[in-house]
Amino acid sequence: MSGEPLLDVQGVDSYYGAIQALRGVSLNVHKGEIVTLIGANGAGKSTMLMTIFGNPRASQGTISYRGHDITQVPTHQIAKLGIAQVPEGRRVFPGMTVEENLAMGTISITEEHAETDLTKVYEMFPRLKERCDQRAGTLSGGEQQMLAIGRALMSRPELLLLDEPSLGLAPMIVKQIFSVLREIAKTGTTIFLVEQNANHALHLADRGYVMVNGDIRLTGTGEELLQDPEVRKAYLGGH
């Protein structure tokens, strides 16, 4: 794509202690795109998202957002730049109600649009409205995932980072989550999606990257990767 990327990762190495998790990773995401990063469990996909957010720090390379180097910017400052992350495993606040969890999403911005945005989240996830006064810890896995996405949207992100949103969910709920992600993209939010479910991710994405052992091995449009024999064999069960 032409023009400067919204997110630009160049030659990034990242470590957990002595273990190298990312090896010279370069990728980019342009405004308005849905880009996915697929790969086997342990390939380094989640580390990529966390490194963008500054934990762990990139030991080599640069991460730029809107043309500005954010490689060494503190995590709490990154959250104020218009980037929101939906972490793996949902990580809602179990003792708080649904509505209190959603309110936590406004911490990095002013509360000026909180009521309007809350209405939008409830329109997107009617189940959350039904459960608004229920403690988050008592929700089903699918409802908690909806809540985690809704909380991220409350910060009005320009770039939404999602880490394994389908993990551990029933197929019908997975289908619903991916349908919502498509709707979110239509509102102009840019999405960078890390996902083990390659089939769903590549059908959704404009472009994709395949990561193997912390290294980008393949890239292409979602359709190109769906048709790639190597991808079909490794991630789509040969279908």
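**Pockets and sheets in the predicted model**

Helix 4 (residues 114-124) is the top contributor to the lining of the second largest pocket, giving four residues. The structure here is a predicted model, and this particular pocket holds about 350 Å³ of space. Its lining is made up of 14 residues, and those closest to the centre are Asp117, Lys120, Leu153, Thr187 and Thr189. Sorted by class, the lining of the second largest pocket comes out as six nonpolar, three polar and five charged residues.

The largest pocket has a volume of about 740 Å³. Here 24 residues do the lining, with Phe53, Ala79, Gln85, Pro87 and Arg151 closest to the centre. Four elements each give two or more residues to this lining: helix 1 (45-52), helix 2 (75-78), strand 6 (83-86) and helix 6 (141-153). In terms of class, the lining of the largest pocket counts 11 nonpolar residues, eight polar ones and five charged ones.

Strand 6 also turns up in a sheet. Six strands make up this open sheet, lined up as 6-7-8-3-9-10 with mixed pairing. Strand 6 and strand 10 (215-221) sit at the edges, each pairing on one side only. Going from one strand to the next, the twist averages 15°. Strand 6 runs parallel to strand 7 (residues 159-163), and four bridges join the two. Within this part of the sheet, Ala84 is found opposite Leu160 of strand 7.

Two helices can be placed against these strands. Helix 6, already met in the lining of the largest pocket, lies across strand 6 and strand 7 and runs at about 170° to strand 6. Helix 7 (residues 171-186) packs on the sheet too, where it touches strand 3 (34-38), strand 7 and strand 8 (190-195). The direction of helix 7 makes about 155° with that of strand 8.

Then there is an open sheet of four strands, in the order 2-1-4-5, and its pairing is antiparallel. At its edges are strand 2 (19-29) and strand 5 (68-69), each with pairing on one side only. Seven bridges link strand 1 (residues 7-16) with strand 2 in the antiparallel sense. Val12, for its part, has Val25 of strand 2 as its bridge partner. Helix 1 lies across strand 1, strand 2 and strand 4 (58-65), at about 110° to strand 1. Helix 1 therefore ties back to the pockets as well, being among the elements that give two or more residues to the lining of the largest one.

Terms used: Residues numbered from 1 in each chain as written. Predicted model: local features only at pLDDT ≥ 70, side-chain atom pairs only at ≥ 80, totals over all residues. Heavy atoms only, no water. 1 Å grid on protein atoms, 1.4 Å probe; cavity = no way out; pocket = protein on both sides within 12 Å on 5 of 7 lines; lining within 4 Å. Points joined across faces, edges and corners; volume = space filled by probe spheres on them. Nonpolar A, V, L, I, M, F, W, Y, C, P; charged D, E, K, R; others polar. Pairing = 2+ DSSP bridges. Axes fitted to C-alpha atoms, helices over the stretch in contact; angles between N-to-C directions. Contact = heavy atoms within 4.5 Å.
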